[in-house]
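User: I should like to examine the reasoning behind the structural terms applied to this entry. Please set each value against its criterion.

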Amino acid sequence: MNEAYYIALLCHALFGGQPETVHQFTYPGGAASIRTDCENRNRVIEFGLDKRSSLDSIQQALFAAEITGKEAVVALIDTDGMLGRFEWRIARAANIAGVPIRIIPAELAHSLGAGG
């Protein structure tokens, strides 16, 4: 399962949010946009799998929080039932940055997908 699968299943169910919200921003060289993984009234939630590709989750969550004025949260999907090196690194960085992190077992998403 990929990250989009977990966002679709968990954004509303766990965070009461809407997935894939687009926000425009300007920077000294022009204008661009970001797309939040999940967003509710108070928070922007960046999802990631327990893989190397999620090491940028903190940066994405913090930047989205800056753009939206909301609290940054990181939700990591634990696909292998172990606290591995990438979860550890992301959790440590989140702690240093003061960003709440939720590590969610993949089985929870699968049970929600099955109507559980």
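User: What joins E2 to E3?

Analyst: In this predicted model, a hairpin of 3 residues joins E2 to E3. The two strands pair in the antiparallel sense over 2 bridges. Pairing requires at least two bridges, so the 2 bridges of E2 and E3 satisfy the criterion. Within this pair, Cys38 has Ile45 in E3 as its bridge partner.

User: How do you know that E1 and E2 pair, and in which sense?

Analyst: E1 and E2 share 9 bridges in the antiparallel sense, and the criterion asks for at least two, so they count as paired. These strands also form a hairpin, with 2 residues between them. Along E1, Thr21 stands opposite Thr36 in E2, and Gln24 stands opposite Ser33 in E2.

User: In which sense do strand E3 and strand E4 pair?

Analyst: Strand E3 (residues 43–49) and strand E4 (residues 71–78) pair in the parallel sense, over 7 bridges. Two positions illustrate the register: Val44 stands opposite Ala72 in E4, and Glu46 stands opposite Val74 in E4.

User: What makes the sheet open and its pairing mixed?

Analyst: The 5 strands follow the order E1-E2-E3-E4-E5 in an open sheet. Strand E1 (18–27) and strand E5 (101–105) are its edge strands, each pairing on one side only. From one strand to the next, the twist averages 40 degrees. The pairing is mixed: E1 and E2 are antiparallel, whereas E3 and E4 are parallel. In general, strands of a sheet pair through backbone hydrogen bonds, in either sense.

User: Which strands does helix H2 lie across, and at what angle to E3 does it run?

Analyst: Helix H2 (residues 57–68) lies across E1, strand E2 (30–39), E3 and E4. Its direction is at about 160 degrees to that of E3.

User: Why is the protein chain described as being as compact as a globular protein of its length?

Analyst: The chain has 4 helices and 5 strands, in the sequence pattern α-β-β-β-α-β-α-β-α. Its radius of gyration is 14 Å, and the globule rule gives 13 Å for 116 residues; the two values are close, so the chain is as compact as a globular protein of that length. The C-alpha trace spans about 45 × 30 × 20 Å along its principal axes. Of the contacts with a separation of 6 or more, 62% link residues 24 or more positions apart.

User: What makes E4 mostly covered?

Analyst: Buried means under 20% relative accessible area, and 7 of the 8 residues in E4 are buried. Across the whole chain, buried residues make up 38% of the 116 residues. The chain exposes about 6600 Å², of which carbon and sulfur atoms supply 53%.

User: Why is Thr26 called exposed?

Analyst: Thr26 has a relative accessible area of 66%, and exposed means over 50%, so the term applies. Its place is in strand E1. Thr26 and Asn2 are 24 residues apart in sequence, and their C-alpha atoms are 30 Å apart in space.

User: Which residues have the most contacts inside the largest nonpolar core, and which elements give two or more residues to it?

Analyst: This core has 15 residues, and those with the most contacts inside it are Tyr6, Leu10, Phe15, Ile45, Phe47 and Ile77. Helix H1 (3–15), E3, E4 and helix H4 (106–113) are the elements giving two or more residues to it. H1 gives the most, with 5 residues.

User: What is Ile77 in contact with, neighbours within four places in sequence left aside?

Analyst: Ile77 is in contact with Tyr6, Leu10, Phe47, Gly48, Leu49, Asp50, Ile104 and Ala106. Among them, Tyr6, Leu10 and Phe47 also belong to those core residues with the most contacts.

User: Which residues does the second, separate core include?

Analyst: The second core has 13 residues, including Phe25, Ile58, Ile90 and Val99.

Technical notes. Residues numbered from 1 in each chain as written. Predicted model: local features only at pLDDT ≥ 70, side-chain atom pairs only at ≥ 80, totals over all residues. Heavy atoms only, no water. Axes fitted to C-alpha atoms, helices over the stretch in contact; angles between N-to-C directions. Contact = heavy atoms within 4.5 Å. Rg over C-alpha atoms; globule rule 2.2 N^0.38 Å. Buried < 20%, exposed > 50% of the residue type's maximum accessible area, 1.4 Å probe, protein only. Areas by Shrake-Rupley, 256 points an atom, 1.4 Å probe, with all protein chains shown as cover. Core = buried A, V, L, I, M, F, W, Y, C linked by side-chain atoms within 4.5 Å.
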